[in-house]
Structure formats: C-alpha cells, structure tokens
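Hi everyone, thanks for coming. Please have a look at the sequence and the structure on the screen, and then I'll walk you through two regions.

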Amino acid sequence: MTLCATPSHAKDEAKLIEKSDFKVQNGVMTPEALWAFGRVGDVSVSPDGKKVLYSVRYYSVEQNKSNADLYMMNADGSNVQRLTQTAKSEGSPAFSPDGKHIGFTFPDKDGNDQFFEMTLDGQDRKQISSIDGGIEGFKYAPDGKHILYIKTVKKENPHEKLFAGLDKTTGRVNEDLMYRHWDEWVDSYPHPFVADFDGSKLSNDIDLLLGTPFESPMRPMGGVEQLAWSPDGKKIAYTCRKKVGKAYALSTNSDIYLYDIATKTTENISEGMMGYDINPVFAPDGKKIAWESMEHDGYESDKSRLMVYDFATKTTKDYTQKLDQSVHNICWSKDNSKLYFISPFHGVEDIFVADVKTNAIRRVTEGVHDYVSIDLAGKNLIGSRQSMSAPTEIFSINPADGKETQISFENKELMAQLKIANVEGRWIKTTDNKDMLTWVIYPPNFDKNKKYPTLLFCEGGPQSMVSQFWSYRWNMQIMAANGYIVVAPNRRGLPGFGQEWLEQISGDYGGQNMKDYLSAIDALAKEPYVDKDHLGCVGASYGGFSVYWLAGHHDKRFKAFLAHDGIFNLEQQYCETEEMWFVNWDLGGAYWDKNNPTAQRSYANSPHRFVDKWDTPLMVVHSEKDYRIVASQGMAAYNAALLRGISARYLYFPDENHWVTKPQNGILWQRTFFDWLDKWLKTPENSK
C-alpha cells in the first residue's frame, strides 16, 4: 500500500485532530484506545468503478471533538491518498458524474456546511454554495447540471403575536404532538431543494416541498439515501411522510414521491402501501425503481421488503415474499438484471442478490461480520464491513463467489497491538424448546481452567438483532478485555430469525424474551469457567428496560445491574415518548384502555411494579436530551433503588441524547461502567 503525501495547501492552520499514534499497554483495550480508532465513514465509488473515495473521522479526547478527512484509493486498495487535512470536517464525499471532481460538504466562515468541490488530487478546492443556514447533504444529477440538496426550513410559529416585545423569553407554546423528536425541539424541518449547477455556482433553487410543513428526509435518522435522481436527470424520487403533529406521531406511513423537474408536478408511486416506504433507487436504465417497504402502519420494526415499481406497467412487485428476512441498502447491477442488498440473518448482516427475472435470491457473502454499506465497482462490489472483533473497514467482494478482500487498513497498527477476544456463536435451547443463537465473547488469553465474572448483555430496540456490530460504547472487546465473559443472546423479538421470532415480543415485553435471557445466562452459568456467583446484567434502551425488569425477577442470579436509557415505568413512557406509533404497537395501546387485554398485560409487567423485589446493586445512566426515553425514567429507577436501601449509582449527561457521542463523556461512561461492575463482581466481600 502506498500512502501519498497530502497537498501542502490543504493543511488547516487550526489545531488538527490527526490519526492517533496511541500505544496500547499489554495488549489491553482501554476506553482511551477505543477512542483512538479512526472511524471509516461514507464510501463513494467513481463512475468508472476504478477508484474509491471515503471519509475517516478522528477524535481528540483533549479537545473533546472530532474532524473527518477524505481519502481516495484504487478499487483494489492500492495508491491510498489523503486528500484533505483540515481542522473541520469534510462530509458526504461523492464523485461528480464525469469523474473529474469530488463534491463534499464543509463549513463556511459561519460554521454552516456548504457544497464544495475539488479535483481528484485534492487541489483547486472551492466553495460552490452559499445557502443561508447551510445544507445537510447533496446529490449530483446524472448529467452534472443540477444539484439536489437538503436544507432545513423554519417552522411557522402560529403563536408569534404572543411573543411580541418578549425577545428574552425562553417560553414555548405547543398545541399538538411531535413538538420534540429524538434530541431536538421541532422548530424546523428538512426539505429537498434542486438547483441549476454550471460548475461554479448554484442558481434557480427550488424547494420540492415549498409551502408544506412536511419533512424529507425523515427525522431523526434519514439522509440523502432517502432521495434519488432518475438516470435521465428529469425526475427526483423522495421519501416523505406527509403528516404533522398528532397524525405524524401516530403513523409510520411514508411514501415514495416522484417530482418532475420540468412540470414541477409530484406523483405518489407507493400510495396505498401503509407502512414505511423509504430509500428509492432507480434502475440504471430508468425503467424501474426499487425501495424498502414495510407493510403495516405504526410498526417501525416490520419486515422491510424489496419492492420494485415498473414505470411501463405501473405495477409494484415484492421480490421478498418468500424471504423471511428484511432488506436494506439496495443496489442495482449495471445491466438492470440484479438487485444486491444487505439482510440480517442469524446474527450477522450479509450481502444477498435477487434476480429480477427469476425472483431467485442468493446469499453472496457468509461470515461472522456485518456489512453496513455496498456499492458497485466494475464487476465487483465495494462494501463496508465490521464485526465484534474489528471496526469498520472497506472490502472488495466478488459477487460470483462471495470472495472478500480487505482494501482499507485504517486501524491496522492499533489492531496489531491489541489482544483480540474470541467470539463464539452458541445455539441454546429456550424454555419453549426453540434454538436461540447466543454470542459468547471470551476474555483475551482465556483459560478454561479459571473462573470469570460474566455479563448478560441485553439488546435494545427492542427489535434490533444482536449482530456482529462494532460499538464505541457497548463494545464487546473492551468488556472482554476487562476480564468478563459476555453472553449476548438473540432473544425473542429480533430480526434475522424469521417474522414469527421477531413479532413475538410485541405486547409481551415481560414475557418470553425475558425467559430467553435467563435461558442464555443459565446455560453459560453451568460452564466450569463461568463464576456463577459473580454474574452481572447490563443493557441500554429496551436493554435498560430488561435490566429493570430482571432486577425484580432474577431470583438472586445477578450481583450487579447496569441500565442505560432504559424504560422504568411503562405508563410514564406512554405519555412521555415522542413516537406514539411505537408504544401503540409494542405495548398494545394506552394504559387507560381497560378493555385492551394486550395493553393491560404490558402495563402489568412494567418494571416499576416490581421494585419491592429489588435486592441487588443498580447503576443507572441517562441523558437529558433523550426525548425517546426521557431522563425522568432513569431518575425514578435510581430514586426507587435508594429508597429501597439498595446500593445505587446515577451517571447523568445533560448534553447527550439516546447515545453518548462526545469523547470525554464516552470515556467517563466506560470508566464508570467498569468501576461499578468491578466493585460488585470482582470484590468477593461486596458481592455476597
């Protein structure tokens, strides 16, 4: 591999955050080592399939921030070039349609991201857009003559007259639901804009949703993948849920809309399809368009189907009727004959391919890993891949035989210093005689003749597979490096094991999936190397709910609990959360609906109802900007433990959301996590 020098003009005068030269002590993963990894992000393939453009984000614990830089290499991994070296972040990298320029986002002098371009060697860097407030992402039109970009539009305040002369008030007036979402108050919404592009500036900008209060892409996770150009550049497909307020909070019914640039008219091509319809992708010949589609309104974790709309016949076909799995990251073959996609299956995320003519679906890759993105590069695929044993890197995949070749090595030096824990898949019998895949992660230098404290990992979601994810918080390698065996079961309610397995959890939060957790930890506790007298239980989100629930039902199995952003009181959660479709589907409805047996069963199993049975030390983590499961849930659980006379600890972040994203907060999280567990699981006198 050749690493070329960065153009001298590209260096930023501000303090740079560079690739870390962190030195690992004794091969042990630490919080500081975890934050030293370069994080491979967006990947783009050149139009001729010969080059790969990608971003890498570097973090500084000292500065408590990060910046991302852009790299380019040949599709076989050779000739790696660093194109940018700035103290601010380049984002959304993409090749121009003619392959001669690289487009990206970068902050202007006011700190707002704008559309920039540079040549393939990182030279001639210039700002193209000067849009008030900046943009969130962009896509080139196929002919390069237009740019599609995302810009937030301020929400109209119907109570403006009440604020007259009150320029220092902090008050807010709301009269509808969905007034806040994920981690922000809903004062604006993203709209897609299209503008003419002459190679030096944008002009004639048009808001595709002008005058409407709708959002596209959809908050909080949607990005440019929810927008697409037709190959002839005449139409734009976009994802939108054309609802606001209470209707928005109660529904997942988004649709795929086609906007005609010439006529400025819009057509809904997924009308009547009631669940999420997202992420449109045109076939190269423009005759068809594919997208991901869920069947049921209000069910955010429904099976994601591969739907294809034929423009000639105006018909839509489901290519995954016989595939009991979900579909993500759709990618057409150049000849329009195949559709590649990523799908969860038995604890991993692999690449599959569907034949457009025969409907046949074949698994392309097979291994202990997760693919998180795919793209075409000539006859091969380019994919980003991670696992519980390694962070994201880029691979080239032969779609014919599934052969995978690693082509990026961003963290090779750091990984070489670490002792990597072994990850084993084990199938365990459940109480109803089903087979459940459980990942078991062993400490480095594992000795079967020793006994190890062991953690039960409870997955969030709740419908989120325990796959081969690499996390910078819930990282299995750092847990194992701290001397713990980790037991991570794919309990009921997770994808990758068929719809029946996935759907069982809805309306049964305190039921079979809790028995599955206990089946997993009980099976491992029988092993001679598991210290059954020093078991801990940890989890976040629904995993946090699981921790609170198990605290009242574990029959003294565990010696310590740790819950992050968990639901403690289901009645409280129903009226506090922002996405009402979620609690309506998963809990069965409102707690005041006394004639709804599913809902009443859910609320009868709320963890707060079993605090009288709590008898084990509990640590709670929660953040103020988590509007999905608000901070009062964590405070209530912590207070309840103390009032019961139980040892407890509360870690609170005023500036984080449902995740922990800032470097110093992340390290404090890790240090506190292990300080708490070590106290109760590694000190015999405290764990009795």
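I'll start with some strands and then move to a pair of helices.

First, the ground rules. This is a predicted model, where local features need pLDDT of at least 70, side-chain atom pairs count only at pLDDT 80 or more, and totals for chains, interfaces and linings use all residues. Residues are numbered from 1 along each chain as its sequence is written, and side-chain values use heavy atoms, with hydrogens and water left out.

Strands and helices here are DSSP runs numbered from the N terminus: E, at least two residues, for strands; H or I, at least four, for helices. Strand β8 covers residues 113–119, and 5 of its 7 residues are buried, meaning under 20% relative accessible area with a 1.4 Å probe, protein chains only.

What joins β8 to β7? Strand β7, residues 101–107, runs antiparallel to β8, with 7 bridges between them; strands pair if DSSP finds at least two bridges. Histidine 101 has threonine 119 of β8 as its bridge partner. The hairpin of β7 and β8 has 5 residues between the strands, and its glycine 111 takes a positive phi near 90°.

On to the helices. The axes of α6 (residues 512–525) and α7 (residues 542–551) come within 11 Å and cross at roughly 80°; axes are lines fitted to C-alpha atoms over the stretch in contact, with angles from 0 to 180 degrees between N-to-C directions. That crossing makes α6 roughly perpendicular to α7, a label for angles of 65 to 115 degrees. Among the residues in contact (heavy atoms within 4.5 Å) are Tyr517 of α6 and Trp549 of α7. Thanks, everyone!

Key: Angles under 35 degrees count as roughly parallel, over 145 as roughly antiparallel, 65 to 115 as roughly perpendicular and the rest as oblique. Buried means under 20% relative accessible area, exposed over 50%, partly exposed in between (1.4 Å probe, protein chains only).
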